[in-house]
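Could you take me on a short tour of this structure in my viewer? I am a first-year student, so please tell me what to select at each stop and what is there.

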Amino acid sequence: MAGSELTNIKSPRVKAARRLTKRAFRDRDRSFLAEGPQAVREALALDDVVTELFTTAEAESRHAEIVAAARDAGIPVHRASGEVMAELAQTVTPQGLLAVCRFVHVPLERSLTDETRLVAVLAHVRDPGNAGTVLRAADAAGADAVVFTDASVDPYNGKCVRASAGSLFHLPVVTGAPVTQAVRALKDAGLRVLAADGAGERTLDDVDLSGPTAWIFGNEAWGLPKEILELADDVVRVPIYGRAESLNLATAAAVCLYASARSQRAAGAQSPAPKLP
C-alpha cells in the first residue's frame, strides 16, 4: 500500500474521522463511521457512499478483498496503527476496518411506492442497539423501508450502525420524520398502520396481516404514547403464551414483522396466476 502508516492520534485526518462519533459533527459533515468488515463490505457495494477507509496491516491481510475493492473504486485507503484504530473505533476490540461514509437516508416520499407492502416505524426509540436490531430484523423480513421518526435515535449512531449488521445499506431508511407526517404518508400510500403495544386488546392471532402494513414500534421502557396509538388503524400486542412478562422491543418487532411477511407471502402464493393473453 502506498503511503506511510498513520500513527499519530492527533493528526488532522484521524481527528476529522474521530469527530464523527458525535452527532453534531455527523450532521454537519453528513458523514458517519461504519466499523467492521460486514458493514464496510455492504457500504462498498453502494456507489459513492464510502469516502475513506482506515485499515490496520493485520485487517488488510485478513480482508484483502475488501481493501482491494476500495482501492479499485478510487477510495483513499489509510493504513493505521493499532493505537490509531483504537482511537477511531467505538468497540472494545476493534476489527481493524473502519469506513467514513456519506449519509444514505432518503426522503419519506421517496421511500414509498406503489409496491410498498411492509414498513417499520421507530417512534421514540432511544436505545441505538435496539434500533439497529429492529433495522436488521426489518431487512431480514423483507421490509421495504424503515422510518426513524424525529423523536428516535440517530440511525448513524455507531452502536446502531453496528447492530444493523450492514442492513443500514440494504433498504431505504428515513430519518427525522414527524410521526404524524409519517403515518399520513403511509396511509396515503395504501398501508394499514398498526401500533405494536402490550396494551393492545387484539393480538397477532386476531388480525389479518396479508395486506400492505406499517408497524409502529415505541420506546423500550414505556411503549407508545396515547397520541400515537390514536393515529394507528389498530393497536396490536404480541401474545404471551408462557410466563414471561413481556418481550423486549427488538424481539417483539421481529415477531410482528415476520408475522406480516409470512401472511403476505402466503396470500401471494394463493393468488390466482394471471391469465395469458
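Start by selecting Ile240, which sits in the loop between strand E11 (234-237) and helix H12 (249-270). Keep in mind that this is a predicted model. Ile240 has a relative accessibility of 36%, so it counts as partly exposed, since that class lies between 20% and 50%. Now add Leu247 and Val255 to your selection: together with Ile240 they form a nonpolar patch on the surface, with about 200 Å² of accessible area together.

Next, let's turn to the aromatic rings. How many aromatic pairs does a search of the whole structure find? There are five. A pair like this is described by the distance of the ring centres and the angle of the planes.

Select Phe32 and Phe169. Their ring centres are 6.1 Å apart and their planes meet at 20 degrees, so the pair is stacked; planes under 30 degrees apart count as stacked. Phe32 belongs to strand E1 (residues 31-35), while Phe169 lies in the loop between helix H9 (158-164) and strand E7 (173-177). With their positions 137 residues apart, this pair links distant parts of the chain. Are these two buried or exposed? Both Phe32 and Phe169 are buried.

Keep them selected and add Phe103 and Tyr156: these four residues form one aromatic cluster.

For the last stop, select Trp215 and Phe217. This aromatic pair is stacked too, at 6.3 Å centre to centre with 10 degrees between the planes. Trp215 has a relative accessible area of 0%, so it is buried. Phe217, at 2% relative accessibility, counts as buried as well.

Notes
Residues numbered from 1 in each chain as written. Predicted model: local features only at pLDDT ≥ 70, side-chain atom pairs only at ≥ 80, totals over all residues. Heavy atoms only, no water. Patch = residues over 30% accessible without salt bridge, like charges linked within 9 Å, V, L, I, M, F, W, Y side chains within 5 Å. Areas by Shrake-Rupley, 256 points an atom, 1.4 Å probe, with all protein chains shown as cover. Salt bridge = Lys/Arg side-chain N within 4 Å of Asp/Glu carboxyl O. Helix = DSSP H or I, 4+ residues; strand = E, 2+ residues; numbered from the N terminus. Buried < 20%, exposed > 50% of the residue type's maximum accessible area, 1.4 Å probe, protein only. Phe/Tyr/Trp six-rings, centres within 6.5 Å; stacked < 30°, edge-to-face > 60°.
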